[in-house]
Amino acid sequence: MKAWYIESYGGPDKLRCGDLPEPQITPDDVLVEVRASSVNPIDWKMRSGMTRLILKHDFPLILGNDLAGVVVGVGSRVSGFSVGDAVYARPDKRQIGAFAERIAVQAYEVAPMPAGLDFAEAASLPLVGLTCLQGLGGLAGLAAGQKALIHAGAGGVGTFAIQYAKYLGAQVATTASVAKHDLLQSLGADETIDYRTQDFTAVLKDCDVVLDTVGGDTLRRSVKVLKPGGMIVSVSGPPGPEFAREWGLSLPLSMVVSLMSAGIRRRARAAGGRYRFFIMHASGDQLREIATLVEGGVIRPVIDRVFDFDKTRDALAYAEAGHATGKVVIRGLTGN
Ligand SMILES: NC(=O)c1ccc[n+]([C@@H]2O[C@H](COP(=O)([O-])OP(=O)(O)OC[C@H]3O[C@@H](n4cnc5c(N)ncnc54)[C@H](OP(=O)(O)O)[C@@H]3O)[C@@H](O)[C@H]2O)c1
């Protein structure tokens, strides 16, 4: 089958398209014909080797962490899925490979596609949606009446996070460049701050939850807007000791990780709050929740551009430039 893969880490030229063997399904897998996939920063971070210390993969490594498609094979222990079902998934981080004609995915990571969406729209949702459910809902416990700051509200995570935080009943402030403010208000944002010309710490205070998708100086300054008892949930900042434990990192790596986040954890504690970094995980059950939200009109996909399969390298380059509004989607090779 045709797939986009790397044989070593590096720049955009490392990504190649070619024929690779068909995926083999285990008894617990479903085989999905990919009709659409979407790009996430983790794709180019994996390609460049940024994730290699915590994520071990063999080469050739097919990239791609989000997909929507049609079930074309079912493992012997799988129940609940049949050939012909339209499904969507974020495969487990050790079993990625959505930039291909077909992919084997563990059945517990898969869910029926939300009714009313096409494949491109469905493929835009899994990774960012699961990140928001697990970060805002799960870890931070964002509740009705609370105030949330969503950084990079115009990004893939941000456009979902704004809608989800509103669904949870929160008051939502977000940072984005000014041209994107109308869109973010239409998604429900109560307050939009131009990160290029405004200092969010000068206009915001008492946030119960900050979702940090930017890291660096933005993360450091976020402590200033935190309410005592509040939490910064980061998907971009340095990992902390909880992450090291959850991921079973070696002792030396755990020590490095704890050191990396010592400063921001100390600052958050000094402000009476907490800092937590996490990496989202695959979950078919939560994708079912997301489908219900989509079908109920709570969440709508936001897509910047759709690329053809043979333009996958361009799709990654476009996303890697860091200015997409919502998601960058890739049409599957089959069925479009
Ligand atoms: N740990 C996890 O589980 C996890 C899960 C998902 C994502 N992530 C990470 O989260 C980050 C965001 O992911 P994403 O998919 O949302 O990225 P993305 O879609 O590529 O984000 C692009 C958006 O970010 C905006 N932006 C860039 N810098 C900004 C700043 N300083 N302030 C406000 N907005 C800014 C850009 O707006 P302009 O065009 O106006 O600059 C653009 O709209 C990435 O680092 C990704 O790796 C981690």
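A residue is called buried here if 20 or more other C-beta atoms lie within 10 Å of its own. With that term in place, I turn to the structure, which is a predicted model.

Let me begin with helix α1, residues 41-48. Its buried residues are P41, I42, D43, M46 and R47. The cover over these buried residues includes β1, β3 and α11, the last of these spanning 312-320. Directly after α1 comes G49, with a positive phi of about 90°.

Two of those covering elements lead us to the strands. β1 comprises residues 2-6 and pairs with β2 in the antiparallel sense, over 4 bridges. Within this pairing, K2 is placed opposite D19 of β2. Both strands belong to an open sheet of 3 strands, ordered β2-β1-β4, with antiparallel pairing. At its edges are β2 (16-19) and β4 (61-62), each of which pairs on one side only.

The other covering strand, β3, runs over residues 29-39 and pairs with β16 in the antiparallel sense, again through bridges, 4 in number. One bridge joins A36 to R331 in β16. A further partner of β16 is β15, residues 303-307, and here the sense is parallel, over 4 bridges. In that pairing, R305 has V328 of β16 as its bridge partner.

How many residues of β16 are buried? Of the 5 residues in this strand, 327-331, 5 are buried, and the strand is described as mostly covered. In a regular strand, side chains alternate between the two faces of the sheet. For β16, K327, V329 and R331 lie on one side, V328 and I330 lie on the other, and all are buried, which leaves both faces covered.

I now move to the division of the chain. Domain 1 consists of 2-125 together with 301-331, while domain 2 covers 127-277. The contact between them draws on 11 residues from domain 1 and 12 residues from domain 2. On the domain 1 side, the residues that touch domain 2 are 4 nonpolar, 4 polar and 3 charged. The centres of the two domains, taken over C-alpha atoms, are separated by 26 Å.

Next, consider helix α9, residues 251-270. Its 20 residues reach 27 Å from the first C-alpha to the last, close to the 28 Å expected at 1.5 Å a residue. Where is the kink in α9 centred? The kink is centred on A262 and amounts to about 50°.

The buried residues of α9 are V257, S261, I264 and A268. An α-helix has 3.6 residues a turn, so residues three or four places apart point the same way. Among the elements that cover the buried residues of α9 are α7 (216-222), β13 (226-234), α8 (241-246) and β14 (274-277). Following α9 is G272, and its phi is positive, near 80°.

Finally, I draw attention to a single residue, I299, located in the loop between α10 (284-295) and β15. Why does I299 count as buried? I299 has 24 C-beta neighbours inside 10 Å, and the cut-off is 20 or more, so this loop residue is buried. Apart from neighbours within four places in sequence, the contacts of I299 are F160, Q163, Y164, I290, L293 and V294. I299 also lies 9.4 Å from T159, C-alpha to C-alpha, although 140 residues separate the two in sequence.

Key. Residues are numbered from 1 along each chain as its sequence is written. This is a predicted model: local features need pLDDT of at least 70, side-chain atom pairs count only at pLDDT 80 or more; totals for chains, interfaces and linings use all residues. Two strands pair if DSSP finds at least two bridges between them. Helices (H or I, at least four residues) and strands (E, at least two) are DSSP runs, numbered from the N terminus. Domain bounds come from an automatic or database domain assignment. Two residues are in contact if their C-beta atoms, placed from the backbone, lie within 7 Å. Ala, Val, Leu, Ile, Met, Phe, Trp, Tyr, Cys and Pro count as nonpolar, Asp, Glu, Lys and Arg as charged, and the others, Gly among them, as polar. The expected span of a helix is 1.5 Å times one less than its number of residues. The bend at a residue is the angle between axes fitted to the seven residues ending there and the seven starting there. A residue is buried if 20 or more other C-beta atoms lie within 10 Å of its own, exposed if 12 or fewer, and partly exposed in between; C-beta atoms are placed from the backbone.
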